[in-house]
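I am opening a notebook page for this structure, and I mean to write down what I looked up, one topic at a time.

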Amino acid sequence: MKILNAILLISLLSIAAFAATTGSLRGEIKDPRGYIMYGLTVVARNQATGKETNAVANDQGKFVFDDLEPGKYTLIFPTD
């Protein structure tokens with residue numbers, strides 16, 4: 001029974017460690033006058049790998065990037 005408990009604990013710790021290897025980024029888009037911008041695509045580019053991930057701003061101008069790999073990111077916003 002002690003061995004089973006130890007295996008279960010190690011398994012749970014492994015799952016927790018795996019879950020901590022990603023992060024999320026949240027933001028909001030407003031124009032210079034403070035008006036909410038919605039429906040726009042935002043790009044998060046990993047500076048080390050160049051990998052890009054897209055998110056779309058919702059009707060409140062908010063966007064979310066989930067499951068990002070650790071690293072530094074450049075956000076690219078629409079210019080139109």
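Before anything else I fix my terms: a residue counts as buried under 20% relative accessible area, as exposed over 50%, and as partly exposed in between. I also remind myself that the model is predicted.

**Entry 1: salt bridges**

I searched for salt bridges and found that the structure holds 5. I began with the one between Asp-31 and Arg-33, where the closest N and O atoms are 3.1 Å apart. Are its two residues buried or exposed? Arg-33 has a relative accessible area of 67%, which is over 50%, so I entered Arg-33 as exposed. Asp-31 has a relative accessible area of 14%, and because this is under 20% I entered Asp-31 as buried.

Next I looked up Glu-28, which forms a salt bridge with Lys-30 at 3.6 Å between the closest N and O atoms, and another with Lys-62 at 3.1 Å. The pair of Lys-62 and Glu-28 links distant parts of the chain, since Lys-62 lies in strand β4 and Glu-28 in strand β1 (residues 23-28), 34 residues apart. I checked accessibility here too: Lys-30 is partly exposed at 45%, Glu-28 is partly exposed at 38%, and Lys-62 is partly exposed at 38%. Through shared partners, the salt bridges join Glu-28, Lys-30 and Lys-62 into one network.

**Entry 2: the nonpolar core**

Which residues make up the largest nonpolar core? I listed 8 of them: Ile-29, Val-42, Ala-44, Ala-55, Ala-57, Phe-63, Phe-65 and Leu-68. Two elements, β2 (41-46) and β4 (62-68), give two or more residues to this core, and β4 gives the most, with 3 residues. I noted beside this that nonpolar side chains tend to be buried together in soluble globular proteins.

I then followed Ala-57, leaving out residues up to four places away in sequence, and found that Ala-57 touches Ile-29, Met-37, Tyr-38, Gly-39, Leu-40, Lys-62 and Phe-63.

**Entry 3: aromatic pairs**

A search of the whole structure gave me 2 aromatic pairs. Phe-63 and Phe-65 form an edge-to-face pair, 5.8 Å centre to centre, with 70° between the planes. Phe-63 and Phe-77 also form an edge-to-face pair, 6.0 Å centre to centre, with 70° between the planes. This second pair links distant parts of the chain, for Phe-63 is in strand β4 and Phe-77 in the segment after β5 (73-76), 14 residues apart.

I looked up how accessible these rings' residues are: Phe-63 and Phe-65 are both buried, with Phe-63 at 3% relative accessibility, whereas Phe-77 counts as partly exposed at 38%. I recorded Phe-63, Phe-65 and Phe-77 as one aromatic cluster.

**Entry 4: the sheet**

In what order do the 3 strands of the open sheet lie? I wrote down β3-β2-β5, with antiparallel pairing. The edge strands are β3 (52-56) and β5, each of which pairs on one side only. On average, neighbouring strands of this sheet are turned by 20° against each other, direction ignored.

Looking more carefully at β2 and β3, I found that they pair in the antiparallel sense over 5 bridges, and that the bridge partner of Val-42 in β3 is Ala-55.

**Entry 5: Asn-46**

My last look-up was Asn-46, which lies in strand β2. Its relative accessible area is 3%, so Asn-46 is buried. Leaving out residues up to four places away in sequence, Asn-46 touches Lys-51, Glu-69, Pro-70, Lys-72 and Tyr-73.

Definitions and conventions. Residues numbered from 1 in each chain as written. Predicted model: local features only at pLDDT ≥ 70, side-chain atom pairs only at ≥ 80, totals over all residues. Heavy atoms only, no water. Core = buried A, V, L, I, M, F, W, Y, C linked by side-chain atoms within 4.5 Å. Buried < 20%, exposed > 50% of the residue type's maximum accessible area, 1.4 Å probe, protein only. Helix = DSSP H or I, 4+ residues; strand = E, 2+ residues; numbered from the N terminus. Contact = heavy atoms within 4.5 Å. Phe/Tyr/Trp six-rings, centres within 6.5 Å; stacked < 30°, edge-to-face > 60°. Pairing = 2+ DSSP bridges. Axes fitted to C-alpha atoms, helices over the stretch in contact; angles between N-to-C directions. Salt bridge = Lys/Arg side-chain N within 4 Å of Asp/Glu carboxyl O.
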